[in-house]
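Here are my notes on this one, written as a few numbered points. Keep the viewer open and click along as you read.

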Amino acid sequence: MQKITYKMAEPSDAQLVVDFMHKLGDFQQMSAAIIVTEEKMKALLNEKAGEAIFAYDNGNPIAFAYFCQHSSAFIGEKALYIDAFYVNEEYRKHGIGKNIMAKLAQICLERKYARMEWGCLDWNKNAWDFYVKLGSVPFEILTLHRLSGENLINLAKE
């Protein structure tokens, strides 16, 4: 491992984000759910609807996080939501994930966001342990619901 560097994504990095999303989908056994294209990702990055940060080892991308701003009516403040986070397997447990999380925490504070939030699959014990070690508190009383596709269209017609 050489000197690890970190870089915020630019719209020209859209394909790299997509590539990491496919790695994440494979790892999470959810590859069919990853339908993002380079064009869609480039649009999100251009519009600043989402952002990403990469870690590089000697110029080779080895980890990433994709995130966006959201807000909470509960606390009346903005927050940083991590939508995707992946570290190549051979680079895990070397502090790279923690460094990315620290950089996201810095962004959170610079932008005066109140907190960071993300989801974690129930079966991913390594990730759960990692997040708890960082000081996060699992919000276990909540299940995320999602409405999309035909169901979204049908509800909008009512």
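1. One definition before anything else: a helix here is a DSSP run of at least four residues, and helices are numbered from the N terminus. Helix H4 holds a handy example, since Asp 129 and Lys 125 are four residues apart in that helix and so are separated by about one helical turn. Their side chains form a salt bridge, with the closest N and O atoms 2.7 Å apart. Asp 129 is partly exposed at 40% relative accessible area, while Lys 125 is exposed at 57%. Do keep in mind that you're looking at a predicted model.

2. How many salt bridges does a search of the whole structure find? The search finds four. As general background, side chains of opposite charge can pair when their charged atoms come close. Besides the pair in point 1, have a look at Asp 13 and Lys 7, whose side chains meet with an N to O distance of 2.6 Å. Asp 13 is buried, at 13% relative accessible area. Lys 7, on the other hand, counts as partly exposed at 29%.

3. Next up are Arg 111 and Glu 51, another salt bridge, with the closest N and O atoms 2.6 Å apart. Arg 111 sits in the loop between H3 and E5 and Glu 51 in strand E2 (residues 51–57), so this pair ties together parts that are 60 residues apart in sequence. Glu 51 is buried, with 16% relative accessible area, and Arg 111 is partly exposed, with 33%.

4. Stay in the loop between H3 and E5, because there's a second residue to check there, Tyr 113. Is Tyr 113 buried or exposed? Tyr 113 is buried, since its relative accessible area is 9% and the cut-off for buried is under 20%. Now find Ser 71: the two residues are 42 apart along the chain, yet their C-alpha atoms are separated by 8.8 Å.

5. Now for a pocket, the second largest one, which holds about 210 Å³ of space. Which element gives the most to its lining? That's H3, with five residues. Helix H3 (96–110) and strand E5 (115–118) each supply at least two of the lining residues. Among the residues that line this pocket are Met 101, Cys 108, Trp 118 and Ser 136. By type, the lining divides into eight nonpolar residues, two polar and one charged. Arg 115 is in that lining too.

6. On the surface, try colouring Phe 139, Ile 141 and Leu 142, which form a nonpolar patch. Together they have about 410 Å² of accessible area. Ile 141 belongs to the loop between helix H4 (125–134) and helix H5 (149–156). At 78% relative accessibility, Ile 141 counts as exposed, the cut-off being over 50%.

7. Last, a look at backbone angles. Gln 29 has a phi near 60°, a positive value in a residue other than glycine. You'll find Gln 29 in the loop between helix H1 (14–27) and helix H2 (38–46), where it is exposed at 66% relative accessibility. Lys 48 also has a positive phi, near 60°. This residue lies in the loop between H2 and E2 and is exposed, with 64% relative accessibility.

Key
Residues numbered from 1 in each chain as written. Predicted model: local features only at pLDDT ≥ 70, side-chain atom pairs only at ≥ 80, totals over all residues. Heavy atoms only, no water. Patch = residues over 30% accessible without salt bridge, like charges linked within 9 Å, V, L, I, M, F, W, Y side chains within 5 Å. Areas by Shrake-Rupley, 256 points an atom, 1.4 Å probe, with all protein chains shown as cover. Buried < 20%, exposed > 50% of the residue type's maximum accessible area, 1.4 Å probe, protein only. 1 Å grid on protein atoms, 1.4 Å probe; cavity = no way out; pocket = protein on both sides within 12 Å on 5 of 7 lines; lining within 4 Å. Points joined across faces, edges and corners; volume = space filled by probe spheres on them. Nonpolar A, V, L, I, M, F, W, Y, C, P; charged D, E, K, R; others polar.
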